[in-house]
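Subject: Structure for you to look at

Dear colleague,

I am handing over the structure that we spoke about, and I would ask you to keep it open beside this message while you read. My notes on what was found follow directly below it.

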Amino acid sequence: MELDQFDIKFLPGVGPRKSKVLNEELSVFSALDLLRHYPFRYVDRTRFYKIRELNADMPFAQIKGQFVHFEKIGTGRTQRLSAAFSDGESLIELVWFKGIRYIDGKYKPGITYVVSGKPSLFNGKLNFVHPDIETLSELPPAEEMSFQPYYNTTEKMKNNFLNSKAIQKLMYPLVKKLENGIPETLPNYILEKFKLMNLTNSLINIHFPKDNQALTLARQRLKFEKLFYIQLDILRQRKWREQKFRGFVFSKVGDYFNTFYSNNLPFELTNAQKRVIKEIRADMNSGKQMNRLLQGDVGSGKTMVALLTMLIALDNNFQACLMAPTEILATQHFATISEQLGDMNVNIALLTGSTKKKERDKIHEQLLNGELQIIIGTHALIEDTVQFKNLGYVIIDEQHRFGVAQRSKLWGKNTQPPHILVMTATPIPRTLAMTIYGDLSVSVIDELPPGRKPIQTYHYYENKRNALLGFLRKQIDSGRQVYVVYPLIQESEKLDFRHLEEGFEYMKQVFPNYKISMVHGKMKPAEKDEHMQRFASGETQIMVATTVIEVGVNVPNASVMVIESAERFGLSQLHQLRGRVGRGADQAYCILLTKYELSSDTRKRMQIMTRTNDGFEISEADLQLRGPGDMEGTQQSGLPFQLKIADIARDNKMLELARNVAWDILEEDPNLTMDKNRILVNQLKKLRIGSVNWGVIS
Ligand code: ADP
Ligand code: MG
């Protein structure tokens, strides 16, 4: 039987219960799926460390020795079991918080054990928390010793006896079976041209490498395969789309644009803004439907680009829409743009979740009969009841906040899809953009409006709080305003809320003479707006908020951003928050407050923040630190494929190669009808089962 037909349930040692867990946790259904669950690390089990050689940066280490002493500390739920373990030279502590009853008494003095796991630092001393413990006879067979595979597992898997070692046990006989060979998934001519290892050998060696060289070759091939099919899929979709849909042609730049440009433009455009507008303009006139990503750091002036290019749509008798992720932001866009349009004869409206029924009905009607030319709003815009007479241009602001399905809905609002511009201040590194948005063209605003001073960023511990308060007082007394942001932890919104309210009370006590606004996600939109408005108009001096404040909000008079528990935020989020200040010509500050004990990653995050204001640098660093799966934005929008083995941050070159190969194939054989490419079509079909139609997603 083919391995991809072999239900995992019937694999010896699996059974219905574990197979269900494997289905749910890893999407592993067949024996082949399991083989495609690659180890994330290999450990040389022939190498034993001395306790004095250990340090907390090691991802894994094993030591050999004997137990000296066991002790239960504390009682009830906080009880822990602590053991002293000796390698004959020095002692180290082993700690258990769970399963104490099971561990206690299990290990005997005088017997040699192998202890393995990640050394960690607690109160300045190294220990192992919940280490693996084996007797010498329990160690893996000799041929697996130099490269013992380690597999990712989840909490639920572990609870069902599917830890890494159990996976290894399931894998071994399967890999043995592979020796008869399994069908190849890449055409021969590609394997030969790039000297790639065949699939059978790659799978064998990714799990149980013969040696380092075989492991490298196996990895290369599997990585290439993954990236290649992603690129082939994206590029094929793009070709398909270009063939199927023509784009609206916006042939002229007319009165709306020109009048605004000569009479209403409040400032000189930066060169970057001018360049980007030209790029968009060229797309709109090309006959192809535009799908463009506009990246520009916070404060780089994307809104003006949006407005000017919407006016081009109007000049060609099309309607335009601008969608923002939050009510606050949509409202602010509406206010700014209405004001900038001034007495120009443009029909513009705002549609959000809190638009009253009567107003909403009117908007629906006027969108349908074409009276409304520009509509600004939240995801209320994508509801089916919103229909246009002639929608020609869609702009999506802060696109990383929107789900893929939401975005794709905007396509259907005209018989022919409108031009699409997605704007983001979370710069996506080129490598990642190529993978997720392989079919988007990219424009970049790489220049801030003149006169901005770089924001000064400081990382403070709690002990500087008093000094900080004094500083805030000075800023406010000189007429400036201040943000204080508290983290939002999804698992416990209640707790957060308490942090925020406590923060609010605290600020009230410290600054009895100032007025304070508070905004959080649980507020009614109207209430939120009111507080925002009071802060924006300068009526309140301090804004205490959760991350709802993160996106786009513009209060140029605010000069300080204080981020409480900054260790809880990701890099791009910190950068976004910081971008709320420094929007005028005056010096602005960002203060990151953290607790004392920080992991080395967190410390790096703080260092990067204090070192640079460059969003692209930050986003590259973010990718390096966290890996793409974690990257803000990609989580919500969802990477189209799970990149198990290809870490796109590091595999830049491989990605380019995969893309070029895919490109060349499609140039020669656009519909993949040639015999030698049949294998590609089959494989694409298999990969696409259950996946979204990525072709119609911007
Ligand atoms: P973002 O790219 O973060 O959306 P905005 O469009 O909100 O940035 O612009 C930030 C601020 O800079 C706004 O107050 C805007 O009016 C101002 N601005 C935009 N472009 C320019 C420019 N060329 N010269 C001066 N100020 C500008
Ligand atoms: Mg913006």
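Thr457 is a residue of strand E17, which covers residues 456-461, and please keep in mind, here and below, that the model is predicted. Thr457 has a relative accessibility of 10%, and because buried means under 20%, Thr457 counts as buried. Its side chain makes a polar contact of 2.8 Å with the side chain of Arg578. If neighbours within four places in sequence are left aside, the residues in contact with Thr457 are Arg578, Cys590, Leu592, Met609 and Thr610.

Leu598 sits in a loop, the one between strand E22 (589-594) and helix H20 (600-611). Leu598 is nevertheless buried, with a relative accessible area of 12%. When residues up to four places away in sequence are not counted, Leu598 touches His459, Tyr461, Glu567 and Arg603. Of these, Glu567 is worth finding in the viewer, since Leu598 and Glu567 are 31 residues apart in sequence, while their C-alpha atoms are 7.6 Å apart in space.

Asn205 belongs to helix H7, which runs over residues 199-207, and at 8% relative accessibility Asn205 also counts as buried. What lies 2.9 Å from a polar atom of the side chain of Asn205? The backbone nitrogen of Lys210 does. Lys210 appears again among the contacts of Asn205, which, leaving aside neighbours within four places in sequence, are Met197, Lys210, Ala214, Leu215 and Ala218.

Turning to the nonpolar cores, the largest one holds 42 residues, of which Phe260, Leu341 and Tyr393 touch the most other members. Helix H11, residues 302-315, gives the most to this core, with ten residues. You can follow the surroundings of Leu341 in the viewer, where, apart from neighbours within four places in sequence, Leu341 is in contact with Phe260, Asn264, Leu307, Leu311, Val346 and Ile348. There is also a second, separate core of 32 residues, and Val14, Phe147, Leu199 and Ile206 are included in it.

The next thing to look at is ligand 1, which is surrounded by 16 residues, the closest being Gln273, Gly299, Lys302, Thr303 and Arg452. This shell is made up of four nonpolar, seven polar and five charged residues. Arg452 has an N or O atom in its side chain that is 2.7 Å from an oxygen atom of ligand 1. The backbone also takes part in such pairs: a backbone N or O atom of Gly301 lies 3.1 Å from an oxygen atom of the ligand, and a backbone N or O atom of Glu268 lies 2.9 Å from a nitrogen atom of the ligand. On its own, ligand 1 has 570 Å² of accessible area, and the protein covers 84% of that.

Finally, here are some values for the whole protein. The protein has 24 helices and 22 strands, and 53% of its 698 residues count as buried. Among contacts between residues at least 6 apart in sequence, 74% join residues at least 24 apart. The protein exposes about 32,600 Å², and carbon and sulfur atoms supply 50% of this area.

With best wishes

Notes
Residues are numbered from 1 along each chain as its sequence is written. Chains are lettered from A and ligands numbered from 1 in the order in which they are written. This is a predicted model: local features need pLDDT of at least 70, side-chain atom pairs count only at pLDDT 80 or more; totals for chains, interfaces and linings use all residues. Side-chain values use heavy atoms; hydrogens and water are left out. Helices (H or I, at least four residues) and strands (E, at least two) are DSSP runs, numbered from the N terminus. Buried means under 20% relative accessible area, exposed over 50%, partly exposed in between (1.4 Å probe, protein chains only). A polar contact is a pair of N or O atoms within 3.5 Å; within protein, one must be able to donate a hydrogen and the other to accept it, and residues adjacent in sequence count only if both atoms are side-chain atoms. Contact means heavy atoms within 4.5 Å. A nonpolar core is a set of buried Ala, Val, Leu, Ile, Met, Phe, Trp, Tyr and Cys residues joined through side-chain atoms within 4.5 Å. A residue is near a molecule or strand if one of its heavy atoms lies within 4 Å of it. Accessible areas come from the Shrake-Rupley method with a 1.4 Å probe; for residues, only the protein chains shown count as cover. Ala, Val, Leu, Ile, Met, Phe, Trp, Tyr, Cys and Pro count as nonpolar, Asp, Glu, Lys and Arg as charged, and the others, Gly among them, as polar.
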